[in-house]
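Here are some short exercises to work through with the model open beside you. Try each task before you read its solution.

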Number of protein chains: 2
Amino acid sequence: MANPNDPTLRSWIDIPPTSDFPIQNLPFGVFETLERGTRLGVAIGEYVLDLYAVAQFGLFEDLELGSKMPKVFRRRSLNQFIALGRPVWRAVRQRVSELLRHDSTALRSDEVMRACLLRQSEVEMLRPVKPGNYTDFYSSIEHATNVGTMFRDPNNALLPNWRHIPIGYHGRASSIVVSGTPIRRPNGQRKAPDADAPTFGPSQQLDFELEVAFVGGRATELGSSVPIQYAEDHIFGLVLFNDWSARDIQSWEYVPLGPFLGKSFGSSISPWVVTLDALEPFRTAGPVQEPEPLLYLRQLDAHNFDINLEVAIQPENAPQTVVSRSNFRHMYWRMAQQLTHQTSNGCNLQVGDLYASGTISGPTPDSLGSMLELAWKGTRPIPLADGSERTFLLDGDTVIMRGFAKKDGVRVGFGEVSGMILPAVQ
Amino acid sequence: MANPNDPTLRSWIDIPPTSDFPIQNLPFGVFETLERGTRLGVAIGEYVLDLYAVAQFGLFEDLELGSKMPKVFRRRSLNQFIALGRPVWRAVRQRVSELLRHDSTALRSDEVMRACLLRQSEVEMLRPVKPGNYTDFYSSIEHATNVGTMFRDPNNALLPNWRHIPIGYHGRASSIVVSGTPIRRPNGQRKAPDADAPTFGPSQQLDFELEVAFVGGRATELGSSVPIQYAEDHIFGLVLFNDWSARDIQSWEYVPLGPFLGKSFGSSISPWVVTLDALEPFRTAGPVQEPEPLLYLRQLDAHNFDINLEVAIQPENAPQTVVSRSNFRHMYWRMAQQLTHQTSNGCNLQVGDLYASGTISGPTPDSLGSMLELAWKGTRPIPLADGSERTFLLDGDTVIMRGFAKKDGVRVGFGEVSGMILPAVQ
């Protein structure tokens, strides 16, 4: 069987060279149409392949994937499919790759093609997973240093625990929404440092955070831990993640128990989950970890991934401006270390859990992953293409994040995660 | 129809006077037996009433509770039942009260009784809800003051935000277990203040936290908020909650993003959910809030509940010692304020969510809700009945929390939440 990541593979479907979804990617998602209801699909070029329809034509039958097939392909989330385990994900991706390959004819009759392929523009993408739990890490050393410099002491910007622990906190799972869902500006308590008392009202410091999240692929029992060398086996795939943040609410509430309402009004994820398998060619070494982590977090080889990331802001009825270009390879703490740390106390994992990276800032001023950093606490307004500028987001602004990896002429991308800011409820 | 809280009601079932489960309580839970599988039940004295069996005899039929009856009575959690809404919970509790009343004969034939009533000792109680989200508040002013005194400044023990915000954080939902589940001592990173570097190993400062949690009863849409006067409509009922805490892990990891692995190795809840309806007679005024909260959190009348709480420690093969006696009425921030605050930024609620109070410490030294406070950071060891003493929990210790309200000769109780500490994984 050909490796589905082979850069020489071509599809019989015409795929624009700038597409995030060539035959080497094949990310999984959940879509809905009036006629079909909810289905699991795979993105290919400008199309989505309806996995339930493919199964109806018997094209997965010889794989003997078990009694839950094809029912799992018409659920409202990927969770049940993911729970079938890595051998099943891999077999399905492999078969889809074969069916879409230039020399395959199985899908190419008019009848089969009409049943199995839809234009992405004709379907509604749903939130791909139902996360039972969501952790947000804080794993970019540049981001943690910037925040520490702005709010604490520039000479001791990193807290003493930061280089020892992939710091993280539990986030709110209920308010994670799919790309395209508008985000309502939150109300909340804010208190200016010089004010006598807090007031309640719309956040005046609404921000984005550029993150990548991974989707848990394998459950564990309470009391057991995942050794670092097996951690990546528990990862199904990755999505783009916008951890919307209300800085004024956050800064007043977060001591001593961490972020709460400054975050829980909404987090947005991209609809297509790019599998860790598809990202294998883009593995790369990360920053040197100094001091060396404790043994349970120690890892040889390359466990970062070279994924280009960018953020654009689009005011209402105006063009977009790219305000940041970063890369997932900058992450100091790696996904495997995050996952192993999460389970090191015996905490159990569930399929579909989300683990976000924390803001991914790079080393240069144009690679910062939040407006807080880009505008440096409001002191350096960000110029936009329409002549306006921003220190924080305004109502009507849409934030669009994109990501893709590229190597040997193959571009494996995430599509985008976007969301428009609606005015606060009065 | 008689009020099911009427203190003069009596059941035809013989109920010991010290029982937590008289006819005025009727808490809901989920039980399992080999023969029946999982069922929803109501506790009455030393028995559990099998709601599915009751429904099979047609005893809910005239209530016209909808098409999901009686299926919801054989699920693995209360979630689907709760989602049917308060009118349904109330109608079922009212009917169960009628069936168990001394003058009712509907259940009293041998055949019906055998089908509907089981001894609690013959069933296994399961976790009553599947929490999609879990928030832990920090709402006892005595607890917050004690922690601030120990770890920060005795003269400024409360942080500036504490009297303005019901401080809380998101906890890990996956590791919430039912009473009786053993708790594995967590491993983790700890660093003594005078040590050069952290080490990894079993927590040496394992603690309990005495809390009460409420179960969310009604979902909301993302972007909407629950006004304070309607907040209690979103509460199904209450459970006892032990927020196990590893103080050494917690103190090294929690800055700046809050508690994480120091908590997520396990939290225990009692199996019976006492409805807010059953607790209505025990409503009482809480502490005066000074300064007055902002308008969105302002509330007249009595929104605290007079619930006696106690904690016992039982070493292996030794008698129990009650180490703390507290009361839920001490809570500075009330459940309604917690819930309204949680939604004030538009965060959506889901049925079955858990909202824990935070450690409930009272004003006296014998009413403190954690070993950290009872032993005052290890300086005042707690004497136990077997002659040993504790500053933190040892392997083999079982912690048992109990709670009940009492008025007009009626005792409405929670039963208990217990858990034994197992040695850490090596």
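**Exercise 1. Find the loop that holds Asn317(A), then look at its backbone.**

Step 1. Asn317(A) sits in the loop between strand 20 (308-314) and strand 21 (321-327) of chain A. Strands here are DSSP runs of E with at least two residues, helices are runs of H or I with at least four, and both are numbered from the N terminus.

Step 2. Now check phi: for Asn317(A) the angle is near 55 degrees, a positive value in a residue other than glycine.

A word on the source: this is a predicted model, in which local features need pLDDT of at least 70 and side-chain atom pairs count only at pLDDT 80 or more, while totals for chains, interfaces and linings use all residues. Residues are numbered from 1 along each chain as its sequence is written, chains are lettered from A and ligands numbered from 1 in the order in which they are written, and side-chain values use heavy atoms, with hydrogens and water left out.

**Exercise 2. Locate the cis peptide bonds at Pro70(B) and Pro291(B).**

Step 1. Met69(B) and Pro70(B) are joined by a cis bond with omega of about -10 degrees. Pro70(B) belongs to the loop between helix 1 (51-56) and helix 2 (79-83) of chain B.

Step 2. From Glu290(B) to Pro291(B) the peptide bond is also cis, with omega near 0 degrees. Look for Pro291(B) in the loop between strand 18 (283-284) and strand 19 (304-305) of chain B.

**Exercise 3. Which residues does UniProt list for "binding site", and where do they lie?**

Step 1. The unreviewed UniProt entry lists Asp136(A), Glu209(A), Glu211(A) and Asp243(A). Such annotations may be inferred rather than shown by experiment.

Step 2. These residues span 108 residues in sequence, yet no two of their C-alpha atoms are more than 11.2 Å apart, so they gather at one spot.

Step 3. Of these residues, Asp136(A), Glu209(A) and Glu211(A) help line the second largest pocket. A pocket is an open set of points on a 1 Å grid over the protein atoms alone, where a 1.4 Å probe fits, with protein on both sides within 12 Å along at least five of seven lines; lining residues have an atom within 4 Å of a point.

Step 4. Asp136(A) is part of strand 6 (residues 134-137) of chain A.

**Exercise 4. Describe how chain B meets chain A.**

Step 1. Start with contacts (heavy atoms within 4.5 Å): 56 residues of chain B touch 56 residues of chain A.

Step 2. About 5,200 Å² is buried between the two chains, and carbon and sulfur atoms give 62% of that area. Buried area is the accessible area (1.4 Å probe) lost on putting two parts together, summed over both. His170(B), Arg172(B) and Leu257(B) supply 16% of what chain B buries against chain A, more than any other three residues.

Step 3. Count the salt bridges, each a side-chain nitrogen of Lys or Arg within 4 Å of a carboxyl oxygen of Asp or Glu. There are two between chain B and chain A. In one, Arg172(B) pairs with Asp353(A), with the closest N and O atoms 2.8 Å apart.

**Exercise 5. How many salt bridges does the whole structure hold?**

Step 1. The search finds 46 over all chains.

Step 2. Asp50(A) and Arg36(A) form a salt bridge, their closest N and O atoms being 2.8 Å apart. This pair links strand 3 (residues 47-50) of chain A with the loop between strand 1 (28-33) and strand 2 (37-44) of chain A, the two residues being 14 residues apart.
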